[in-house]
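Biologist: Please walk me through this structure, and tell me where each label comes from.

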Amino acid sequence: MTHLENTAASPDPTTSTGSDGGPTASDARHGRPHDATAKRALAPDLRGADERTIRAWTEPMAVTPLGGGEYAVESASGTGHVVDLPAGRCSCPDHRIRGERCKHLRRVAIEVNRHELPPPGRLAGTCRVCGETRYLPEVGPALCDACRPEPGALVTDRETGDLLAVVRVTGDRADETTIEAAGTTVADYHNNAGYPRDDPVVEAVYPFSKGVGHPLSDLRRYQFPLSRLEARGERLVDAR
Ligand SMILES: [Zn+2]
Ligand SMILES: [Zn+2]
């Protein structure tokens, strides 16, 4: 059974206050990148921590995301190592020779957890819809989480006022996607002329066209430029 759910932002579990000039809880909630290019130390309560943990927090290091889950870590001495976070690997001797979870690995994990670095699979970029700098998926259209409609998200067609449910964002451009039935591209289809030609294409259905509670997968899909669809802050749960 399909039913409605609000998609307002949920409370964020992070407790950072931003009083030290660091990222705020709001930054974290929105995945807002923090400038981590300068070599710097972090300053938590380290009572009872082991030596590698203390060094991970207190030594000045500059971490640069490389993409693909890899991060370059430069120490104050100028030595550089590459951490592969998903694989739990580092190029330094402490890890390669001694097999330790070294200070570089720990530092990258700490900064990712503090939302000061993008998690694996994301890189800082400009969201093409809201224009904010966010941690965006490495692949697919440059859309932040707030601007990327999830499957089942309800949207309003700005041209007709119709209610639609998103099935997926294809990641293809409107001017490179052909609507087979119309023999034209999404960008050139009538009513779409006013939207960016390079808009990501969204597949959507009229969710109640066959009655309430019908699986979305049974409904005919239509393609739209993303900007034509306005989010309503609601989505259909159990949408398939
Ligand atoms: Zn290391
Ligand atoms: Zn956005």
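**Labels and their cut-offs**

Biologist: What are the protein donors of the zinc ion (ligand 1)?

Modeller: They are Cys90 (SG), Cys92 (SG), Cys102 (SG) and His104 (ND1), which lie 2.1 to 2.3 Å from the ion. A donor is an N, O or S atom within 2.8 Å of the metal (3.2 Å for Na, K and Ca), and sites may look incomplete because water is not among the atoms. Before we go on: this is a predicted model, in which local features need pLDDT of at least 70, side-chain atom pairs need pLDDT 80 or more, totals for chains, interfaces and linings use all residues, and side-chain values rest on heavy atoms without hydrogens or water. Residues are numbered from 1 along each chain as its sequence is written, while chains are lettered from A and ligands numbered from 1 in the order in which they are written.

Biologist: What makes the site of the zinc ion (ligand 1) tetrahedral?

Modeller: Its four donor atoms make angles of 104 to 114°. Four donors count as tetrahedral if all angles lie between 85 and 135 degrees; four are square planar and six octahedral if opposite donors are over 155 degrees apart and all others between 65 and 115, and anything else is irregular. The angles at ligand 1 fit the tetrahedral window, so the label holds. Along the chain, the donors of this ion are spaced C-x1-C-x9-C-x1-H.

Biologist: Why is the arrangement around the zinc ion (ligand 2) called tetrahedral?

Modeller: Here the four donor atoms subtend angles of 100 to 117°, which makes the arrangement tetrahedral. The donors are Cys127 (SG), Cys130 (SG), Cys144 (SG) and Cys147 (SG), at 2.3 Å. Their spacing in sequence is C-x2-C-x13-C-x2-C. The pair Cys127 and Cys144 links distant parts of the chain, 17 residues apart: Cys127 is in the loop between strand 6 (122–126) and strand 7 (133–137), and Cys144 in the loop between strand 7 and strand 8 (153–157). Strands (E, at least two residues) and helices (H or I, at least four) are DSSP runs numbered from the N terminus.

Biologist: Is Cys127 buried or exposed?

Modeller: Its relative accessibility is 2%, so Cys127 counts as buried. Buried means under 20% relative accessible area, exposed over 50%, and partly exposed in between, with a 1.4 Å probe and protein chains only. Cys144, at 4%, is buried too. At the zinc ion (ligand 1), both Cys90 and Cys92 are buried.

Biologist: Why does Arg101 count as partly exposed?

Modeller: Arg101 has 42% relative accessibility, so it falls in the partly exposed class. It lies in the loop between helix 3 (93–96) and helix 4. Leaving out residues up to four places away in sequence, Arg101 touches Arg52, Arg106 and Ala109, where contact means heavy atoms within 4.5 Å. Arg101 and Arg52 are 49 residues apart in sequence, yet 8.2 Å apart in space, C-alpha to C-alpha.

Biologist: Which residues of the largest nonpolar core touch the most other members?

Modeller: Tyr71, Leu85 and Val108, out of 14 residues. Such a core is a set of buried Ala, Val, Leu, Ile, Met, Phe, Trp, Tyr and Cys residues joined through side-chain atoms within 4.5 Å. Strand 2 (61–67), strand 3 (70–75) and helix 4 (103–113) each supply at least two residues of this core, and helix 4 gives the largest share, four. Beyond its neighbours within four places in sequence, Val108 is in contact with Val63, Tyr71, Val73, Val83, Leu85 and Leu117. Another core, of eleven residues including Ala153, Leu164, Val166 and Leu229, lies apart from it.

Biologist: Why do strand 2 and strand 5 (89–90) stand at the edges?

Modeller: The open sheet has four strands in the order 2-3-4-5, with antiparallel pairing. Strand 2 and strand 5 each have a single partner strand, so one side of each is left without a neighbour in the sheet. Two strands pair if DSSP finds at least two bridges between them. Strand 4 (residues 80–84) and strand 5 have two bridges, so they qualify under that rule. Asp84 has Arg89 in strand 5 as its bridge partner.

Biologist: How many bridges join strand 8 to strand 9 (residues 163–173)?

Modeller: Three, and the strands run antiparallel. Val155 stands opposite Leu164 in strand 9. The two strands form a hairpin with five residues between them, and Gly161 in the turn has a positive phi of about 80°.
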